[in-house]
Amino acid sequence: MRLPDGVLGMSRRGPEWAKFVDRLPGLVRGLCDDWELQRDGWMMHGYCALVVPVVTARGHRRILKVAFQDAESEHEHVALARWGGHGAVRMDRADPRRGAMLLEQLREVSLAEAWDIEACTVVGQLYGRLHVPAPGQLRPLTSFVAAWADDMAALPRNAPLPHRLVQQAVSLSRDFCSDQDSTGTMVHADLHYDNVLSADREPWLAIDPKPMSGDPHYEPAPMLYNRWPELRESPLGARAAIRRRFHTLVDTAGLDEDRARDWVVVRMMNQATWRLLDPPERSRSLPDEEFLTMCVAIAKAVQD
């Protein structure tokens with residue numbers, strides 16, 4: 001089995017990733033045997049998963065997804081089972097031990113091909129369908145945010161970020177951690193243009209959740225920082241374009257503007273902190289300076 005080059009490249013992320021890549025051919029063969037599947041097309045991949053088009057013994061086209069198991073993705077199957085295909089891709093079966101799921105096959109058309117305000121409207125509508133009471137297995141959002149606050153607070157004062165914004169994000173993070181409304185609702189946590197695909201049974205369905213027991217107002221940030229070049233080059237100016245996306249999401253979903261804004265500030269400063277803590281050899285699509293500029297611009301724009 002010849003894995004895609006992008007999957008082979010995952011080995012460079014560290015020993016655990018290398019083990020995952022080495023195991024993939026055997027995992028796929030074993031799953032196809034156990035679940036009576038035949039491979040049916042080119043293998044694809046995301047950041048942390050191999051995606052294999054297959055046909056079942058009954059002739060149904062499906063997608064076999066085998067993912068690297070980490071804290072963010074370990075409960076993806078729990079979320080998809082809870083949604084049951086309502087607003088999200090339908091899951092036929094899962095093997096959490098092997099990090100595998102058998103999913104309905106969607107079209108290779110994402111919201112990245114839609115105008116950004118149209119896309120924000122679609123995602124704002126999906127929030128209302130996906131935000132259901134969180135199953136007990138999910139990790140609480142606050143457990144992640146507490147660690148983020150510590151990382152941000154440890155940044156040196158001369159870090160290439162506005163110190164006021166960093167302090168604000170630390171304070172907001174700690175407030176959220178003590179707020180009971182910060183948990184209890186299942187959130188997708190990574191709902192953006194490429195994670196919403198067109199389907200036959202519904203116009204748009206969410207994929208690839210990173211589910212947590214959290215706060216619906218946590219969701220908007222990925223819709224703001226994805227497709228950044230469009231914002232940077234918008235004739236409205238980046239700040240106005242960011243605000244237009246933000247208000248479309250908030251208004252469509254009926255979210256509280258102030259609470260959603262505060263979560264955007266926390267998430268953007270956390271994203272910036274992650275970048276500053278990246279190992280030097282880590283390859284990213286945006287260079288560091290542009291990425292940090294983006295994080296600061298979004299955090300400021302939603303507060304204007």
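What follows is a short dialogue on reading helix packing, a hairpin and an aromatic pair in a predicted model.

Student: Let's start with helices. At what angle do the axes of H5 and H6 cross?

Tutor: Take the distance of the axes together with the angle. Helix H5 (residues 141-153) and helix H6 (residues 163-177) have axes that come within 9 Å and cross at roughly 155 degrees. Angles over 145 count as roughly antiparallel, so that is how H5 and H6 lie to each other. As for handedness, their crossing is left-handed.

Student: Which residues of H5 and H6 make the contact?

Tutor: On the H5 side you'll find Thr142, Val145, Ala146, Ala149, Asp150, Met152 and Ala153. H6 brings Val166, Ala169, Val170, Ser173, Arg174, Phe176 and Cys177. Sort that contact by class and you get 10 nonpolar, two polar and two charged residues.

Student: Now H4 and H9. Are they roughly parallel or roughly antiparallel to each other?

Tutor: Same reading, another angle. Helix H4 (residues 116-130) packs on H9 at about 30 degrees, the axes being 8 Å apart. Angles under 35 degrees count as roughly parallel, and H4 and H9 therefore are roughly parallel. H4 passes H9 in a right-handed crossing. From H4 come Asp116, Ile117, Cys120, Thr121, Val123, Gly124, Gln125 and Tyr127, and they meet Arg244, Arg245, Thr248, Leu249, Thr252 and Ala253 of H9. The class split here is six nonpolar, five polar and three charged.

Student: H9 also meets H10. How do their axes cross?

Tutor: Helix H9 (residues 238-253) and helix H10 (residues 257-277) have axes that come within 10 Å, crossing at roughly 130 degrees. That angle makes H9 oblique to H10. The handedness of this crossing is right-handed. Phe246, His247 and Val250 of H9 touch Glu257, Ala260, Arg261 and Val264 of H10. By class, that's four nonpolar, one polar and two charged.

Student: On to strands. How many bridges join E5 to E6?

Tutor: For a strand pair, look at the bridges and the direction. Strand E5 (residues 91-95) and strand E6 (residues 100-104) are joined by four bridges and run antiparallel. To pin down the register, take methionine 91, whose bridge partner in E6 is leucine 103.

Student: And which residue takes a positive phi in that hairpin?

Tutor: Glycine 99 does, with phi near 65 degrees. The hairpin of E5 and E6 has four residues between the strands.

Student: Last one: what describes a pair of aromatic rings?

Tutor: Two numbers do the job, the distance of the centres and the angle of the planes. With ring centres within 6.5 Å as the rule, the count here comes to eight aromatic pairs. One of them is tryptophan 148 with tyrosine 218, at 6.3 Å centre to centre and 25 degrees between the planes, which is stacked.

Student: Where do tryptophan 148 and tyrosine 218 sit?

Tutor: Tryptophan 148 belongs to helix H5, while tyrosine 218 is in the loop between strand E10 (212-214) and helix H7 (221-225). They are 70 residues apart, and the pair links distant parts of the chain.

Methods
Residues are numbered from 1 along each chain as its sequence is written. This is a predicted model: local features need pLDDT of at least 70, side-chain atom pairs count only at pLDDT 80 or more; totals for chains, interfaces and linings use all residues. Side-chain values use heavy atoms; hydrogens and water are left out. Axes are lines fitted to C-alpha atoms, for helices over the stretch in contact, and angles run from 0 to 180 degrees between N-to-C directions. Helices (H or I, at least four residues) and strands (E, at least two) are DSSP runs, numbered from the N terminus. Angles under 35 degrees count as roughly parallel, over 145 as roughly antiparallel, 65 to 115 as roughly perpendicular and the rest as oblique. A crossing is left-handed if the near helix is turned anticlockwise from the far one by less than a right angle, and right-handed if clockwise. Contact means heavy atoms within 4.5 Å. Ala, Val, Leu, Ile, Met, Phe, Trp, Tyr, Cys and Pro count as nonpolar, Asp, Glu, Lys and Arg as charged, and the others, Gly among them, as polar. Two strands pair if DSSP finds at least two bridges between them. Rings of Phe, Tyr and Trp (its six-membered ring) pair if their centres lie within 6.5 Å; planes under 30 degrees apart count as stacked, over 60 as edge-to-face and the rest as tilted.
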